[in-house]
Amino acid sequence: MSCPVAIALQYLLNALQLGSVYALIALGYSMVYGILTMINFAHGDIFMVGAYLAMWATLFLLGLPLNLPIIFIFLGSLLFTMTLTAALGVSIERLAYRPLRQAPKVSAVITALGVGLFLENFTLATIGPEPRQVPAIIPVQQYSWGGVAFTNVQLLILVVSLILMVLLDTLVRRTLTGMAMRAISYNRVIVPLMGVSVDRIISLTFAIGSAIAGAGGLLYGLAYPVLDPYMGIRIGWWAFIAAVVGGIGNIRGAVLGGYVLGTVEIFTPVLLASSTYRDSVAFSMLLILLIFKPTGLLGRPTVEKV
Amino acid sequence: MMALLEVTNISHTFGGLQALADFNVTLNDGDLVGLIGPNGAGKTTVFNLISGVYRPDQGRIVFAGQDITLWPSYRRMAAGMSRTFQNIRLFKDMSVLDNVRLGAFAHYTYSFWQIVGRTASFHLQERRLTQEALAMLARFGLAGSAQAPARNLSYGEQRRLEIARALISRPKLLLLDEPAAGMNQAETLELVALLRDLHREFALTIMLIEHHMGVVLDLCQRVQVLDFGSTIFAGNPQEAQQHPQVLEAYLGKEENGEHGHAIAEP
Amino acid sequence: MLQRGIWQVVRVLSCLALIVGAVGCGAKSEQEVRLGVNAELTGSKPTVGDSCKKAMELLAEQINQQGGLKVGERQIPLKLFIEDNEDKAESAAAAAQKLISQNNVLAVIGPNASGNAIPAARICEDSGVIMISPWSTNPKTTEGKKYIFRACFIDDFQGQVMAKFARQHLKADTAAVLYDVASEYNKGIAEFFKQFFEADGGKVVAFASYTTGDKDFSSQLTTIKAAAPQVLFLPNYYNEVPLQVKQARNQGLSCAIIGSDSWGSQELLTLGGADLEGSFFSTHYAPDIATPKAQEFIKAYEAKYGKKPDDVAALTYDAGLLLCNAITQAGSLDRTKVRDTLAQVREFEGVTGKMTFKGGGDPVKSAVILQVQNGQFKYFASVQP
Amino acid sequence: MKKSNQASERGRLGGWYWTLGSLALLALAWLLPASGIMNLYLQQVLMYVGINIILTLSLNLVNGYMGEFSVGHAGFMAVGAYVAAILTVAVFPRAWGPVVFPLALIMGGLAAALAGLVVAFPSFRTRGDYLAIVTLAFNMIVKSILENINAVGGPRGYMGMSKLSNLVWVVFWVLVTLLVLRNVIYSNLGRGIIAIREDELAANLVSVNTPRLKIYAFCLSAFFAGVAGGLYAHLLQFINPRSFSILKSTDMLVMVYLGGIGSLAGSILGASLYTILMELLRPLELWRWVVGPLLLVLLMIFRPTGIMGLKEVRWLQPTASEETGWGKVARRS
């Protein structure tokens with residue numbers, strides 16, 4: 001472990017793992033923002049619910065006297081979690097955000113804050129404050145390669161999140177639905193005239209964004225197997241920052257932002273030699289970035305029509 | 001006599017698209033100049049460059065003897081310029097009176113302490129401003145709705161309010177972007193009369209973009225015609241109507257004559 | 001129209017506030033011993049508040065089943081008033097003030113976290129109401145105050161205990177520390193550990209931190225691994241320690257791992273699993289060599305709530321016992337008398353060991369060191385102050 | 001038209017009523033606790049209400065009147081709290097306490113106003129949600145720096161302040177905040193700030209010096225947040241960085257949007273309602289934080305712009321005659 005290259009690679013691998021999780025949550029933020037220009041502050045809490053759902057699903061599948069293969073349990077929980085979080089996202093949109101579609105944008109944002117608080121404390125009140133452990137469905141295998149330590153779980157997280165991101169990108173760029181989404185984000189007035197139901201597309205956006213957050217919850221549970229009802233707050237804010245750094249509303253930007261944030265979080269303590277100032281330095285960098293690139297890394301500079 | 005506004009060789013591109021190339025114009029005190037051309041010719045871009053919404057890629061703008069090319073908008077306006085917008089941009093949730101009072105923002109900056117302390121001088125200035133604003137509103141027939149939010153006004157009233165807001169700062173140069181757009185015949189005639197009065201009364205220099213050729217012919221001493229970002233004609237309005245390049249720009253080549261309606265309108 | 005509606009709302013609200021005030025003040029009686037519980041039921045450490053509340057409810061139930069608390073000649077039942085302090089300083093102060101002014105309590109148990117206990121202590125001290133914090137280890141909580149007590153030892157003692165343990169028992173010359181820089185408890189112990197470890201001739205080769213809520217410690221752990229310490233000290237909460245240990249092991253860090261009393265919860269074992277095997281930590285009591293009194297408490301708690309009590313529950317129970325004991329000894333519900341009795345308590349045997357107060361609010365009590373063995377906490381050693 | 005204008009004239013109050021009303025409120029704030037009619041808990045809650053009113057009013061200037069979305073207001077509060085606390089504890093002799101308290105608060109406010117520049121400058125170019133992140137980053141930086149300064153206790157917090165805040169001071173500062181903000185809002189400066197919310201580009205094009213106004217708005221807002229922080233520090237006699245986390249900022253956001261943006265009365269109402277409601281819901285223990293957010297969501301659905309969004313009670317507006325000096329001219333024609 002003395003080789004500096006190996007250490008650097010180790011940090012990079014850590015950054016990739018953390019960045020993947022951020023990227024997955026940031027995607028949901030960005031999609032909703034793209035279509036409604038609204039910050040869905042409840043998104044981090046949907047992620048939290050997803051992590052709990054995934055835990056219960058795996059526990060249930062593991063508890064069945066069927067001795068299911070691991071891959072089946074994993075995919076089963078993934079499917080279950082994504083379906084339910086999608087349903088949760090859509091219901092939140094229906095009940096809380098849709099009545100506010102015509103209201104000022106900020107009202108919906110405050111409503112989202114309220115929904116987030118509700119989800120956190122409802123979870124706390126109903127299932128109790130004890131942190132829960134996610135069962136290790138995949139037995140951890142440690143590998144060491146030239147001084148770089150990694151596990152099969154880390155690799156799985158990287159691969160699955162990559163697959164999800166590519167799928168989403170394809171969906172948004174290549175399918176008709178994706179086109180409709182992008183069209184709405186450009187102009188919400190014109191699109192209905194083309195026979196596209198805005199409500200349906202918005203519901204779909206929430207469904208996809210929340211499903212991805214659910215998947216993020218499951219992967220997160222594998223990587224950091226201790227869940228608590230408030231875990232969505234911090235990661236929610238971080239993912240929001242990631243989405244903005246990348247250029248909010250931009251799918252690829254969200255992914256980039258997620259990895260940038262993961263890298264910053266992992267590397268600043270290293271470069272500083274002291275980790276106590278990590279937050280101040282990381283956020284100062286963010287501040288400076290936004291001063292020089294006021295619309296994020298991949299965000300289009302908005303030219304106002306005069 | 002020195003020119004009030006001297007625009008030399010300004011150009012502007014949007015993401016690789018040349019919106020305006022080597023534009024020149026000189027306005028002397030009291031000029032009333034029309035800027036015309038088909039849609040997308042770059043007329044509003046000229047206004048945006050003069051008023052500082054965009055920075056020109058090259059060229060120089062001199063206003064009242066000062067090089068203002070790099071000045072921010074508010075500084076140009078404070079120096080004696082005003083403009084209106086093609087698609088009306090009022091402060092819609094603010095009252096009609098407040099909209100007009102804002103027009104004179106730069107001329108009434110009492111200090112922060114005067115504001116907080118509500119000193120006599122604050123009240124004096126604030127009253128003078130309000131009285132001026134009310135007088136200006138009366139001038140435009142809007143005094144009755146002074147306290148109403150601007151969004152409640154009719155379209156024509158909003159246009160007039162925008163002009164009132166532009167005038168209260170007593171500008172030397174007024175840039176009017178399609179002031180008659182969306183108005184009916186009677187309103188347009190009224191507006192033309194009003195503009196002529198104002199031009200005389202306030203000793204204004206006016207540059208206006210207009211699609212109604214009637215308005216341009218009625219008002220302007222000179223016109224400048226733009227097409228695809230380039231000036232294709234500058235001179236007398238009557239001559240412009242006969243100029244072959246201008247006709248081509250509006251009517252297109254013989255085969256696609258459907259764009260032609262613009263110049264034929266009253 | 002609208003404005004009238006709003007004023008209506010304001011009027012109704014102010015009436016409600018007045019009514020609540022009036023009702024709260026009205027009932028002053030000797031029919032019950034009124035105790036307040038000021039706990040972190042919501043906010044970032046809800047488990048702490050939950051244990052605190054459960055332990056006090058258990059104690060009240062036990063005492064009331066026996067007909068109440070003996071005060072002089074009479075048996076008076078306990079009545080608890082439980083307030084959530086949201087784990088916020090201002091809410092903790094408001095809760096304390098409410099318990100005092102509205103509910104007219106004799107004493108308050110809690111808050112637990114020092115950040116909440118300090119402002120609440122100020123309020124109690126000013127009103128001359130006894131407050132016992134089960135778990136606040138910051139010296140400032142009781143410093144210079146007459147009515148404020150605690151049931152636990154303070155940070156520097158524990159830092160010293162673990163530094164000594166690492167030097168002498170584990171024979172470590174180099175140590176690394178990973179702690180939460182945003183949390184007063186973690187930072188305090190970490191710094192005391194460093195101070196004592198280095199004073200004892202050791203060297204702290206890595207002193208890394210993170211911020212509350214972090215779940216990824218890989219960066220810090222990689223740095224720590226590169227420094228190759230002989231022992232890793234994790235003075236952090238039991239919901240974070242399992243993640244830290246797991247990630248440390250996944251990074252290939254194989255040194256001994258030690259911790260502090262914030263490990264003292266069964267959750268640590270359920271969450272941490274095999275990775276914690278062999279680790280040591282200092283805490284207040286050892287369940288496996290517990291006194292009959294402690295055994296009894298553990299059994300009752302398990303029977304009532306279906307899980308083993310954690311250290312907060314044990315300390316809260318002790319805080320309650322200390323108080324009840326002092327009331328009975330004083331034979332009065334007079335706050336000053338109870339306070340004076342409490343400050344002179346000698347060799348009081350609680351669940352978490354013997355406690356002695358020497359006139360101030362901090363108990364003199366011993367610490368124990370536990371080891372995780374076969375998924376259980378096992379007694380390892382006792383350390384006298 | 002004429003009728004409604006007359007009604008509005010009657011509802012508006014002149015300077016004398018303001019002075020008398022303020023004095024009456026201050027007298028009440030002194031009398032009620034002193035006479036023992038109001039117990040300590042109610043006093044404590046009322047002081048929280050007052051501090052929250054100051055915070056909400058000040059945040060409303062930026063978020064409501066200027067139309068930006070600042071989510072890091074607790075950062076300014078922290079700066080004010082720490083500076084004021086350090087002044088009364090470590091700089092001024094202890095015995096001077098009550099005398100220099102207002103000075104300490106003002107210095108805390110000024111320090112916060114200085115910090116306001118950190119956010120004001122990026123706001124020239126960065127807007128909307130990007131500016132929200134700038135303010136968020138500011139909040140995090142302040143908290144992180146405080147955690148690292150051992151001289152002020154780091155995460156252990158800072159203490160030693162005497163209990164200098166009392167109901168009279170809190171009411172006094174609420175009145176000062178209200179008066180200053182009202183005077184600013186109903187002036188050229190305030191109209192310029194509102195114009196930024198309505199249409200920043202158009203504001204620039206009617207000669208509004210938007211960068212300068214942004215500096216004014218952020219600094220003024222930060223100043224009062226700092227004063228509120230100072231009051232908070234000397235009420236709890238203890239401050240720690242955690243008290244000024246992003247959660248505190250979101251509390252303030254909720255109060256602003258609950259009461260309604262662009263409304264002073266709304267801010268007063270939002271802060272009072274939120275603070276008192278959360279106290280009243282205390283018996284629900286854990287469920288308080290389930291019920292509270294639900295109520296918030298319902299309220300936003302039924303009143304999306306908050307209780308008093310963009311509306312103002314009449315007694316907070318200047319009279320027509322005060323504005324024009326013409327008496328009834330505004331009403332004629």
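Between chain B and chain D, 13 residue pairs are in polar contact, both residues at pLDDT 80 or more. That pLDDT matters here: this is a predicted model. So what does each chain bring to that contact? Chain B gives 38 residues and chain D gives 39. Together they bury about 3500 Å². Carbon and sulfur atoms account for 62% of that area.

Now the charges. Two salt bridges cross the interface of chain B and chain D. One pairs B:Glu126 with D:Arg191. Their closest N and O atoms are 3.0 Å apart.

Which elements of chain B give two or more residues to the side that touches chain D? Four helices: H2 (73-78), H3 (96-103), H4 (112-117) and H5 (120-139). The largest share comes from H5(B), with eight residues. By class, this side of chain B has 20 nonpolar, eight polar and ten charged residues.

Next, chain C against chain D. Here 51 residues come from chain C and 40 from chain D. The buried area is about 3800 Å², and carbon and sulfur atoms give 60% of it. How many salt bridges are found across this interface? Eight. Among the salt bridges is C:Glu83 with D:Arg282, at 3.3 Å from N to O. Polar contacts link 16 residue pairs, again with both at pLDDT 80 or more.

On the chain C side, five elements give two or more residues each. They are helix H1 (2-26), strand S4 (78-84), helix H3 (89-101), helix H4 (114-127) and helix H6 (184-199). H1(C) gives the most, ten residues. The classes on this side are 22 nonpolar, 13 polar and 16 charged.

Last stop: a sheet inside chain B. Six strands make an open sheet, ordered S6-S7-S8-S3-S9-S10, with mixed pairing. Why do S6 (81-83) and S10 (230-235) each have one side without a neighbour in the sheet? They stand at the edges with a single partner strand each, so nothing in the sheet flanks the other side. On average, neighbouring strands are turned by 15° against each other, ignoring direction.

Look at one pair. S7 (173-177) and S8 (205-209) of chain B run parallel, over five bridges. In that pairing, B:Leu176 has B:Leu208 as its bridge partner.

Two helices of chain B pack on this sheet. Helix H1 (43-51) touches S3 (32-36), S6, S7, S8 and S9 (222-227). The direction of H1(B) makes about 145° with that of S8(B). Helix H6 (155-167) touches S6 and S7. For H6(B), the angle with S7(B) is about 160°.

Notes
Residues numbered from 1 in each chain as written. Chains lettered and ligands numbered in written order. Predicted model: local features only at pLDDT ≥ 70, side-chain atom pairs only at ≥ 80, totals over all residues. Heavy atoms only, no water. Pairing = 2+ DSSP bridges. Axes fitted to C-alpha atoms, helices over the stretch in contact; angles between N-to-C directions. Contact = heavy atoms within 4.5 Å. Buried area = accessible area lost by both parts, 1.4 Å probe. Salt bridge = Lys/Arg side-chain N within 4 Å of Asp/Glu carboxyl O. Polar contact = N/O pair within 3.5 Å; in protein donor to acceptor, adjacent residues only side chain to side chain. Nonpolar A, V, L, I, M, F, W, Y, C, P; charged D, E, K, R; others polar.
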